[in-house]
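This report describes selected features of a single protein model. The sequence and structure are shown first, and the description follows under short headings.

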Amino acid sequence: MKITLLVVGKTEDKYLVEGIEKYLSRLKHYIGFNLVVIPELKNTKNLTEAQQKSKEAELILKQVSNLDSVILLDEKGKKYTSVSFSNYLNKQMIGSVQHLVFMIGGPYGFDESIYRRANGSMSLSDMTFSHQMVRLFFVEQLYRAFSILKGEPYHHE
């Protein structure tokens, strides 16, 4: 199985970039992982929120195939503990999922077409985080999940 994290817009804050890179380098020891950045839309002043989400959706959907299993990181999604998330990933691997694509939308979230395409959604917290910070939180949790599966001492119960 390989995993892709698909995000809208580049990560701007240096401290977030450094943190993400730290966990990306650790993840490569466990699984094929790819971070795909959809460029942020230009000239959005005259676009409504819905129009912006629709245009982002067109770009996002070009990045996924019909065979991909797509999971949205969404505040209304299913909540996992770190251990239950690691169990979820293990079931996906055992279940012969070839490509698991996690998506983080832009500042306004996802267009309805993305919700229709998704195979599921998950939430990292009841709190709201910036779409920039969620990237770091997610790659850390992904790394944590694989360290749990391998029985390594990173995670403490």
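How many bridges join strand β1 to β2, and in which direction do the two strands run?

## The sheet

Strand β1, residues 2-8, is joined to β2 by seven bridges, and the two strands run parallel. One of the pairs involves V8, whose bridge partner in β2 is I38. The model in which these features are found is predicted.

The pairing of β1 and β2 belongs to an open sheet of five strands, ordered β2-β1-β4-β3-β5, with parallel pairing. Its edges are formed by β2 (32-38) and β5, each of which pairs on one side only. On average, neighbouring strands in this sheet are turned by 30 degrees against each other, direction ignored.

## The approach to β2

I31 occupies the loop between α1 (14-27) and β2. With a relative accessible area of 9%, I31 is buried, because the limit for a buried residue is under 20%. Along the chain, I31 and L136 are 105 residues apart, and their C-alpha atoms are separated by 17 Å.

## Helix α5

Does the burial count describe α5 as largely enclosed or largely open? Of the 19 residues of α5, 14 are buried, so the helix is largely enclosed by the rest of the structure. At 1.5 Å a residue, the expected span of these 19 residues is 27 Å, and the C-alpha atoms at the two ends are 27 Å apart, in agreement with that value. The expected span is obtained with one less than the number of residues as the multiplier.

The helix, residues 131-149, comes after the loop that begins beyond β5 (120-123). After α5 comes G151, which has a positive phi near 70 degrees.

## Salt bridges

How many salt bridges does a search of the whole structure find? The search finds three. Side chains of opposite charge can pair when their charged atoms come close.

Within α5, the side chains of R144 and E140 meet in a salt bridge with an N to O distance of 2.8 Å. These two residues are four apart in the helix, about one turn, and both are buried. In helix α1, E18 forms a salt bridge with K14, and the closest N and O atoms are 3.9 Å apart. This value falls within the 4 Å limit that defines a salt bridge. E18 and K14 are separated by about one helical turn, because they are four residues apart in α1. E18 is partly exposed at a relative accessible area of 44%, whereas K14 is exposed at 62%.

A salt bridge also joins the side chains of D126 and K79, at 3.0 Å from N to O. This pair links distant parts of the chain: D126 lies in the loop between β5 and α5, K79 lies in strand β3 (residues 69-79), and the two are 47 residues apart. D126 is exposed, with a relative accessible area of 68%, and K79 is partly exposed at 44% relative accessibility.

## The nonpolar surface patch

Which residues make the nonpolar surface patch? The patch is made by L124, M127, F129 and F137, and covers about 340 Å². F129 lies in the loop between β5 and α5, the loop that also holds D126 of the salt bridge with K79. At 31% relative accessibility, F129 counts as partly exposed. That value meets the patch requirement of over 30% relative accessible area.

## Positive phi angles outside glycine

Most residues other than glycine have a negative phi. N43 is not a glycine, yet has a positive phi of about 50 degrees. N43 is located in the loop between β2 and α2 (49-61), where the residue is exposed with a relative accessible area of 74%.

S96 likewise has a positive phi, of about 65 degrees, without being a glycine. Its position is in the loop between α3 (82-94) and β4 (99-104). Is S96 buried or exposed? S96 is exposed, because its relative accessible area of 52% lies over the 50% limit for that class.

Conventions. Residues numbered from 1 in each chain as written. Predicted model: local features only at pLDDT ≥ 70, side-chain atom pairs only at ≥ 80, totals over all residues. Heavy atoms only, no water. Patch = residues over 30% accessible without salt bridge, like charges linked within 9 Å, V, L, I, M, F, W, Y side chains within 5 Å. Areas by Shrake-Rupley, 256 points an atom, 1.4 Å probe, with all protein chains shown as cover. Buried < 20%, exposed > 50% of the residue type's maximum accessible area, 1.4 Å probe, protein only. Pairing = 2+ DSSP bridges. Axes fitted to C-alpha atoms, helices over the stretch in contact; angles between N-to-C directions.
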